[in-house]
Amino acid sequence: MRFQLVSELTPLGDQPQAIAQLVEGIQRGEKHQVLLGVTGSGKTFTIANVIAQVQLPTLILSHNKTLAWQLYTEFKRFFPHNLVCYWISHYDYYQPEAYLPATDTYIEKELSILKEIERYRLETLTALVSGRRDVVVVASVSAIYGLSDPAEFARHVVQLSPGKRYPRQALIHQLVQMMYRRTSEGSTPGTFWTRGDRVYIFPAYSDKGYRVSFYGPAIEGIEEIDPSGLRPQKRLSELTLYSSDMFVLSPQKLEVAIARIQEELEAQTRYLESIGRTEEAVRLRKRTLYDIEQLRTLGFCNGIENYSRHLTGRAAGERPYTLIDYFPRPFLTVIDESHVTVPQLKAMIGGDQSRKLVLVEYGFRLPSALDNRPLRFEEFESLVEQVIYVSATPGPYEMGQTGGAFVEQIVRPTGLVDPPVYVLPMEGAIDHLLETVRRHRKQGGRALVITLTKKLAEEVADFFLRLGVAASYLHSDLNAIQRVEIIDKLRRGEIEVIVGVNLLREGLDLPEVSLVTILEADKEGFLRSETSLIQIAGRAARNVDGEVVLYADRITDSMRRFIKESERRRQKQLAYNAAHGIVPRSAGRRQEQLMTEAAESLLSVLDLPGMQTLSPTQLEAVIEETRRRMIEAAEAEEYLTAAKYRDELYALEARLAALKAQAR
């Protein structure tokens, strides 16, 4: 299969030259390229065009799960006929194993796995080992954490076809080795069950089910079935089944791994005893032998990842296998918002190793547990082949890799120019801010106000409210659902001003925002650096009336560089518009895609039997129950579940509003 880009858009502004330069660089064999693209210039569409032209499997790394989901949904729309996958950490809650010597406190590992994310991860691995090259994987930095050997995962594949000699019992035995659980009925992902000469299979990486019928020692037929009602959907000429777990091992390799674990256990206990740490030696032997017994009888144990070096046959100190090892070669890597993502990649190894060193020292884990780790950054660098760093403000590392060269994408398809920047004194700032907000409100615009502290954010928001301006503060004390609700209210016009300390991390993409103001802009620091100033100013770059106001008593070096760069971009954009007769227009509101596929299906909740016949009173009762479940899920930090209920809630509220309008 080849990548097929599907879109009504055509490259405009700086996009054509950016696409051409990036493609040419890849074809020349350039390992590092930087795409310096301003907010609203269509960087995602540019990268989609590059992928379609170079036809390479692509890994897209994002520093943020929410932004990763946005990218995933966008690339799904651009490549509907290809394999677009999503890879993030599958933990809803994760408390790592740890030991605190000062208080002699051992903390057992606790985790809660989101089954939906687990399916996305398995879907990703099966896509990468399937042999197809039309694969795009959008991932968080969890892509550099350890996995099983890709060769071993690829070996646990079953290919079935009607007429093939494959005894029923052999298939059952193979499914068990591939970590499918045998049940008596049901359609839970990752399970199978039998009825007579039929085997019902429900892969963990798919929402489909299959029925394999046998006649003697041969396969008579294969059908795709509806998991809910087990009704046949269509007959298949072939079926490929993959492992139901990311960590899978053949019995032979498991025995070899156990022998290596036992060998290390003996060596480490002898060492601990030789230095007088008998208690630690006894603890280590007891814990490890218990794990070995579980591995022999069940094929897994709690904390199995700590034995990954032995399970994958690696040498001490050798880097772990990761998602990157599953990619067919050659492949392309795109690092989104590289000024944030690259530092994250560099930092992942630090905290992991310090915690495990303590566990090893006090006899809770074998020294090989240290090899269950994320990649070191130099290991990551050696694994990726050709990289495109994407950012409006590339960092020193990216620019250093290209010798300062970059592909520039400044002119927007909409003709929008960077907002003008004004610097005003702090004296009288609040009064001027209020007047400016009211002026933008008359034009239908919204405002973002950046403060230095959370307390000041709350005070400024209260000040606006007292004077009749609908405002709300937005900071880290609010949970995810509350933050989403505030942003939605701003979009709908129920709130006119959001006040916060660091609105960069919210991933705000709001064409309605026409005013960005920064109080005490001359206080040097991370949130007042040149990079942060450029990023926050970009929040007003999607609106034709965009404007940025810096309240400061002096102009810092960061402010000076920011103003100079902003003006350079404006002049280039204005010149392009004049040469091509373009009249700028505000960016259209993009439909939010921050929902899971399960949530998307819930948007059709009103199509379910009986929903269309509900009265307004009955709908209100359903809405209240849905809202209660959403809040409960949010308080439990089950954010994907909460998002599912949120989207169902919106569909129900829209239906209720329509019924009330008809009644009037």
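Helices and strands here are DSSP runs, numbered from the N terminus, with at least four residues for a helix and at least two for a strand. With that in hand, let us look around this predicted model.

**Figure 1. Here is the whole chain before we zoom in.** The chain holds 20 helices and 25 strands. Of its 664 residues, 53% count as buried. Among contacts with a separation of 6 or more, 75% join residues that are 24 or more positions apart.

**Figure 2. Pro-330 follows a cis peptide bond.** Find Pro-330 in the loop that links helix H9 (308-311) to strand S17. The peptide bond leading into Pro-330 from Arg-329 is cis, and its omega is near -10 degrees.

**Figure 3. Helix H1 has a buried side.** H1 runs over residues 15-28, and its 14 residues reach 20 Å from the first C-alpha to the last, close to the 20 Å expected at 1.5 Å a residue. Which residues of H1 are buried? They are Gln-15, Ala-18, Ile-19, Leu-22, Val-23, Gly-25 and Ile-26. These residues lie on the same side of H1, because they cover an arc of only 160 degrees around the axis. Turn to the other side of H1 and you meet Gln-27 and Arg-28, which are exposed. The buried residues pack against strand S1 (32-37), helix H2 (43-54), and strands S17 (332-336), S18 (386-391) and S19 (407-409). Just after H1 comes Gly-29, with a positive phi near 90 degrees.

**Figure 4. Helices H1 and H2 cross each other.** Their axes come within 9 Å and cross at roughly 40 degrees. H1 and H2 are therefore oblique to each other, and their crossing is right-handed. On the H1 side, the contact is made by Gln-15, Ala-18, Ile-19, Leu-22, Val-23 and Ile-26; H2 contributes Phe-45, Thr-46, Asn-49, Val-50, Gln-53 and Val-54.

**Figure 5. Gln-55 and Met-179 both sit in loops.** Look for Gln-55 between H2 and strand S2 (58-61). Gln-55 is not a glycine, yet its phi is positive, about 55 degrees. Is Gln-55 buried or exposed? With a relative accessibility of 17%, Gln-55 counts as buried. Met-179 is in the loop between H6 and strand S10 (181-182). Met-179 is not a glycine either, and has a positive phi of about 70 degrees. Its relative accessibility is 25%, so Met-179 counts as partly exposed.

**Figure 6. Helix H3 is largely enclosed.** H3 covers residues 65-78, and its end C-alpha atoms are 20 Å apart, in agreement with the 20 Å that 14 residues should span at 1.5 Å a residue. Ten of those 14 residues are buried, so H3 is largely enclosed by the rest of the structure. Among the buried residues are Trp-69, Tyr-72, Phe-75 and Phe-78.

**Figure 7. Gln-174 is tucked into helix H6.** Gln-174 belongs to H6, which spans residues 168-177. Gln-174 has a relative accessible area of 18%, so it is buried. Setting aside neighbours within four places in sequence, Gln-174 is in contact with His-156, Val-158 and Tyr-166.

**Figure 8. Helices H7 and H8 pack together.** H7 (residues 251-274) and H8 (residues 278-298) pack at an angle of about 175 degrees, and their axes are 9 Å apart. H7 and H8 are therefore roughly antiparallel to each other. The contact includes Leu-254, Ile-258, Ile-261 and Leu-265 of H7, along with Ala-281, Leu-284, Leu-289 and Ile-292 of H8.

Note on methods:
Residues are numbered from 1 along each chain as its sequence is written. This is a predicted model: local features need pLDDT of at least 70, side-chain atom pairs count only at pLDDT 80 or more; totals for chains, interfaces and linings use all residues. Side-chain values use heavy atoms; hydrogens and water are left out. The expected span of a helix is 1.5 Å times one less than its number of residues. Buried means under 20% relative accessible area, exposed over 50%, partly exposed in between (1.4 Å probe, protein chains only). The arc is that of the directions from the helix axis to the C-beta atoms. Contact means heavy atoms within 4.5 Å. Axes are lines fitted to C-alpha atoms, for helices over the stretch in contact, and angles run from 0 to 180 degrees between N-to-C directions. Angles under 35 degrees count as roughly parallel, over 145 as roughly antiparallel, 65 to 115 as roughly perpendicular and the rest as oblique. A crossing is left-handed if the near helix is turned anticlockwise from the far one by less than a right angle, and right-handed if clockwise.
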